[in-house]
Amino acid sequence: MNTPRLTVIGTGYLGATHAICMAVLGFEVLGVDVDEQKIARLASGEVPFFEPGLPELLTKALESGRLRFTTSFEEAAAFGDVHFICVGTPQQKGSHAADMTYVDASVGALAKHLTRKALVVGKSTVPVGTAARLTALVKETAPAGDEVELAWNPEFLREGFAVEDTMKPDRLVFGVASAWAEERLRAAFEPVLAQGVPLKVTDLATAELVKVAANSFLATKISYINAMAEVCEATGADVSDLAEALAFDTRIGGRFLRPGLGFGGGCLPKDIRAFMARAEELGVGQAVGFLREIDGINQRRRARTVDLVTELAGGDVAGKKIAALGAAFKPDSDDIRDAPALDVAGTLHRMGAEVTVFDPAAMDNAKRVHPELAYGKSALDAARDADVVVLLTEWTEFRRIDPAAMAAVVAGKSIVDGRHALDPAEWRAAGWEYRALGRP
Ligand code: UGA
């Protein structure tokens with residue numbers, strides 16, 4: 001069969017990356033979004049978020065003539081053979097469940113123009129059962145009726161590694177309801193599969209579940225080591241050494257076992273909550289009840305970081321100057337969604353501290369959401385006259401800070417390393433009081 005033409009609906013983080021990478025891999029791609037501004041920026045060669053390597057690939061894709069953008073679902077339906085749904089599923093306000101408004105709206109808007117055989121492929125992270133529900137919606141709405149099929153292809157890309165994870169992922173998962181859908185997906189990922197990337201073909205529900213199960217497992221691993229950090233704190237043990245010793249056991253492995261301030265971002269926190277909400281609906285809430293603990297352990301890390309800063313500030317942060325290094329939820333990203341760093345900085349501010357933040361990429365986003373905080377021009381600038389410095393996001397440039405140079409500008413040589421990013425011996429040798437979660 002012929003090489004499919006692809007549309008990518010939703011040009012946020014996931015969709016823009018997918019559209020750009022697929023065009024670079026040789027497909028004709030049409031990116032679709034209701035946000036005219038976003039579409040205009042992408043069409044002019046500008047990636048609207050921070051992602052290493054992506055701007056260069058966008059230029060390359062646009063120059064190839066294989067990538068275009070539109071706000072028209074009618075155009076998308078006429079153009080595409082395989083339509084990827086990449087819109088967001090944020091946490092609902094006032095509930096733990098996923099907000100399906102964008103998925104339902106985009107599938108509905110596309111379906112009403114589908115007049116010929118096509119495959120609609122969900123990539124968004126959704127409550128299990130969504131694909132079955134959307135199959136019914138699509139077949140009812142599309143003029144082509146049963147000619148339109150639905151499939152699920154969960155996405156596992158990490159921010160900061162989006163290009164690498166799209167071009168050569170650890171695995172591909174195709175949730176399909178027919179051999180035709182599988183063949184179309186194989187054709188749509190032919191260059192990726194040709195590199196030997198493992199493929200698992202499943203039914204629709206299993207494919208939806210793989211994504212939430214994977215993110216829940218990763219969240220569990222992080223909270224597990226952070227729970228051990230709590231125990232270490234009560235006993236004088238060192239969680240960093242503990243994690244390293246555990247990691248030698250290949251059954252456990254060292255990845256995602258980095259203790260510290262815990263997980264944030266637009267995925268892990270909301271995905272475990274949505275999974276709990278969906279499991280409750282399905283009558284199996286007990287099976288994933290442990291995720292409540294995982295969430296709780298994660299939240300406690302933020303509170304404990306605030307406590308450590310308070311301790312170093314002499315028991316009260318009111319009126320004290322605090323330098324907060326980091327705002328993004330992780331390094332190599334400008335994403336501040338549910339960022340532990342800004343949560344801690346905001347709490348310290350509410351407690352009366354004068355907080356000055358610096359982040360290499362997320363300053364604009366942070367200023368928009370936290371106008372009450374002060375912002376520095378560099379790590380050293382933020383640290384000027386600070387009573388306590390707290391490292392909240394482990395950017396490489398923070399790891400490389402010279403403790404002597406920073407000592408020269410601060411008022412008090414006290415640092416809380418919220419991400420286990422610094423060498424305690426080096427900082428202590430430079431005269432600093434160094435404290436980290438789960439470390440003596
Ligand atoms: C996560 C998953 O890793 C991806 O596989 C998935 O595709 C994505 O969610 C998604 O659902 O779209 P991402 O949110 O980009 O990716 O970030 P991660 O690298 O997973 O980090 C999540 C958080 O965990 C960060 O705040 C990070 O600082 C924290 N973390 C990570 C730790 O505290 N310790 C670790 O050992 C690892």
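Begin by selecting alanine 98, which is buried in this predicted model because 25 other C-beta atoms lie within 10 Å, and 20 or more are enough for a residue to be called buried. If you follow the chain on either side, you will see that alanine 98 sits in the loop that runs between strand 4 (82-85) and helix 5 (101-111). Now display the residues that alanine 98 touches, leaving aside those up to four places away in sequence: they are Thr89, Gln91, Gln92, Val126, Pro127 and Ala274.

For a view across the protein, add aspartate 385 to the selection; its C-alpha is 44 Å from that of alanine 98, and the two residues are 287 apart in sequence.

Next, select Cys267, where an unreviewed UniProt entry places the feature "active site". Is cysteine 267 buried or exposed? Cysteine 267 is buried, because 24 other C-beta atoms lie within 10 Å, and its place is in the loop between helix 11 (239-247) and helix 12 (268-281).

Then colour the protein by its division into domain 1 (6-202), domain 2 (212-294) and domain 3 (302-436). The centres of domain 1 and domain 2, taken over C-alpha atoms, are separated by 29 Å, and where these two domains meet, 10 residues of domain 1 are in contact with 9 residues of domain 2. On the domain 1 side of that contact you will find 6 nonpolar and 4 polar residues, but no charged ones.

Finally, colour by confidence: the mean pLDDT of the protein is 97, with 100% of its residues at 70 or more, while the model as a whole scores ipTM 0.97 and pTM 0.96.

Key: Residues numbered from 1 in each chain as written. Predicted model: local features only at pLDDT ≥ 70, side-chain atom pairs only at ≥ 80, totals over all residues. pLDDT = per-residue confidence, 0-100. Helix = DSSP H or I, 4+ residues; strand = E, 2+ residues; numbered from the N terminus. Buried ≥ 20, exposed ≤ 12 C-beta atoms within 10 Å, placed from the backbone. Contact = placed C-beta atoms within 7 Å. UniProt positions renumbered as here; feature names shortened; annotations may be inferred. Domains from an automatic or database assignment. Nonpolar A, V, L, I, M, F, W, Y, C, P; charged D, E, K, R; others polar.
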